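Biologist: I would like to learn how to read a structure step by step, beginning with the surfaces and ending with single residues. Could you take me through this one slowly?

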There are 2 protein chains.
Amino acid sequence: MDRRQKKSREAIFGAFSELLSKKHYDKITVGEIIERADVGRATFYAHFETKDFLLKELCKELFCHIFDKTKSGGENHKHIFECDAPKSVILHLLQHLQRNDNNILELLSCENNELFLRYFKENLKMLIQSQPELFGNKRDNSLPDGYWVNHVSATFVETVKWWTTNGMKESAETISAYFLAVI
Amino acid sequence: MDRRQKKSREAIFGAFSELLSKKHYDKITVGEIIERADVGRATFYAHFETKDFLLKELCKELFCHIFDKTKSGGENHKHIFECDAPKSVILHLLQHLQRNDNNILELLSCENNELFLRYFKENLKMLIQSQPELFGNKRDNSLPDGYWVNHVSATFVETVKWWTTNGMKESAETISAYFLAVI
DNA sequence: TTCGTTATCGAACACCTTGTACAACATCAT
DNA sequence: ATGATGTTGTACAAGGTGTTCGATAACGAA
């Protein structure tokens with residue numbers, strides 16, 4: 001990709017993220033984004049059809065990173081899918097968040113968090129559906145699978161939401177224990 | 001309240017609800033609302049400061065009704081707060097929804113459902129906080145209260161969401177059982 | 001370096017939406 | 001009947017959206 005394109009794209013992403021952590025999505029204008037990113041109006045629309053598309057692309061960028069199949073570097077950092085026990089998958093995800101890769105934390109705890117938590121949940125559902133045992137099996141077999149998958153992913157998202165909006169004072173291990181206690 | 005005011009107000013609420021069940025909140029314009037409600041532009045702004053305020057008022061109207069302390073009429077219809085067992089409170093709420101009071105169902109299952117489910121959850125949290133025993137006590141006492149309350153209300157909301165978006169094929173009793181099974 | 005390609009710029013533009021203002025009219029309660 | 005109050009239609013300024021276009025600068029390959 002052209003160096004210029006990359007630069008513009010990242011300037012826009014950066015400006016957008018900063019704005020998102022400060023004010024509500026609806027109130028952010030394209031004018032503000034391009035001013036902060038220091039790019040021309042036409043450039044913005046050359047990259048993103050609308051503000052909504054920009055948001056989608058940003059979400060992709062953020063969550064593909066976390067849920068990606070490739071290793072994301074770092075010390076003995078096994079990928080999610082290669083982990084063995086349920087506990088380690090959950091802990092792994094929480095530690096990912098705690099390390100604040102991609103500055104995702106600001107976006108998960110700001111007033112726009114529902115925007116991102118929705119994507120988070122969708123990715124989680126896919127993960128659970130493909131490998132249900134990673135998050136612990138249901139005890140009651142009369143429950144429909146769809147309901148159970150939805151419940152587990154929703155509970156995880158709510159747990160993360162609670163953690164981040166309360167200042168992340170607890171350790172990842174503690175949060176993991178809370179989650180497992182209610183599931 | 002003046003008959004004219006009431007008429008205008010309800011025409012606006014009606015038009016707004018219809019539009020909400022068809023398209024996303026962000027894409028609805030004041031122009032569309034007043035055209036469908038058949039009221040003048042100035043009238044709209046005489047009633048509601050902005051579209052956001054209209055939404056808030058609509059939510060109040062919808063949820064105050066469900067969570068209101070007064071009886072809502074009908075056959076041996078005890079109020080939520082007067083019910084005895086956890087099971088009956090939950091069942092009561094679900095039946096309320098199933099009867100589709102205030103045409104709330106369309107709004108809970110349309111693409112704007114997050115808008116309303118947020119209010120729903122807030123009301124639930126208040127209810128659980130004031131009378132925790134109504135929704136069953138937590139087994140594990142090492143869990144923080146805040147986390148537990150959030151978990152229970154979120155699970156209830158997710159249950160309702162799952163129920164409505166899947167066509168409400170199950171009975172209120174079945175859904176109540178699902179909910180109690182995961183809590 | 002040179003050269004064709006491609007991204008960016010900035011300014012202008014038409015269009016739409018918002019929220020306000022006001023005078024004329026309709027409806028209300030008494 | 002009458003004064004008060006709600007509604008109407010129109011007009012308006014302010015601000016946001018998405019597009020266009022020629023000029024300019026940066027790019028990658030030869």
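Biologist: Which residues come nearest to DNA strand C?

Modeller: Please keep in mind from the start that this is a predicted model. Around DNA strand C there are 21 residues, and those that come nearest are A:Ser8, A:Val39, A:Gly40, A:Thr43 and B:Val30.

Biologist: Which elements supply at least two residues each of the surface near DNA strand C?

Modeller: A good habit is to go from the residues to the elements that carry them. From chain A these are helix 1 and helix 3, and from chain B they are helix 1, helix 2 (30-37) and helix 3. Helix 3 of chain A has the largest share of this surface, with four residues. If you sort the residues near DNA strand C by class, you find six nonpolar, seven polar and eight charged.

Biologist: And what surrounds DNA strand D?

Modeller: Here 22 residues surround the strand, and B:Ser8, B:Val39, B:Gly40, B:Ala42 and B:Thr43 are the closest. At least two residues each are supplied by helix 1 (3-20), helix 2 (30-37) and helix 3 (41-47) of chain A, and likewise by helix 1 (3-20) and helix 3 (41-47) of chain B. The classes in the surface near DNA strand D are six nonpolar, seven polar and nine charged residues.

Biologist: How should I read the interface, and how many residues of chain A are in contact with chain B?

Modeller: In general, the size of an interface is often given as the accessible area lost when the parts come together. Here we count residues instead, and 14 residues of chain A are in contact with 14 residues of chain B. On the side of chain A that touches chain B, the elements giving two or more residues are helix 8 (145-165) and helix 9 (172-182). Helix 8 of chain A gives the most to this side, with seven residues. By class, the side of chain A that touches chain B holds seven nonpolar, three polar and four charged residues.

Biologist: Why can one say that the copies meet through the same surface?

Modeller: The reason is that 100% of the interface residues of chain A are also interface residues in chain B. For the symmetry, imagine laying one chain on the other: a turn of 180° with a shift of 0.0 Å along the axis places chain A on chain B with an RMSD of 0.1 Å. The two copies are therefore related as by a two-fold rotation axis. Among the residues of chain A, A:Thr155 comes closest to that axis, with its C-alpha at 3.5 Å.

Biologist: What is the make-up of chain A itself, in helices and strands?

Modeller: Chain A has nine helices and zero strands. The chain is divided into domain 1 (3-48) and domain 2 (66-182). Five residues of domain 1 are in contact with seven residues of domain 2 within chain A. The side of domain 1 that touches domain 2 has two nonpolar, three polar and no charged residues. Of the 183 residues of chain A, 28% count as buried.

Biologist: Which residues that are not glycine have a positive phi?

Modeller: As a general rule, most residues other than glycine have a negative phi. One case to look at is A:Asp38, which has a positive phi of about 60° and lies in the loop between helix 2 and helix 3 of chain A. A:Asp38 is exposed, because 11 other C-beta atoms lie within 10 Å. Another case is A:Met168, where phi is near 55°, and this residue is found in the loop between helix 8 and helix 9 of chain A. With 18 C-beta neighbours inside 10 Å, A:Met168 counts as partly exposed.

Biologist: How far apart in space are A:Lys60 and A:Tyr119?

Modeller: Sequence separation and distance in space should be read side by side. These two residues are 59 residues apart in sequence and 8.5 Å apart in space, from C-alpha to C-alpha. A:Lys60 has its place in helix 4 (residues 51-67) of chain A.

Biologist: Finally, what pLDDT does chain A average?

Modeller: The average pLDDT of chain A is 89, and 90% of the residues score at least 70. Over residues 69-77 of chain A, however, the pLDDT is below 50, and this stretch has six contacts in the model beyond near neighbours in sequence.

Definitions and conventions. Residues numbered from 1 in each chain as written. Chains lettered and ligands numbered in written order. Predicted model: local features only at pLDDT ≥ 70, side-chain atom pairs only at ≥ 80, totals over all residues. Near = placed C-beta within 6 Å. Nonpolar A, V, L, I, M, F, W, Y, C, P; charged D, E, K, R; others polar. Contact = placed C-beta atoms within 7 Å. Domains from an automatic or database assignment. Least-squares fit on C-alpha atoms with pLDDT ≥ 70 in both. Buried ≥ 20, exposed ≤ 12 C-beta atoms within 10 Å, placed from the backbone. pLDDT = per-residue confidence, 0-100.
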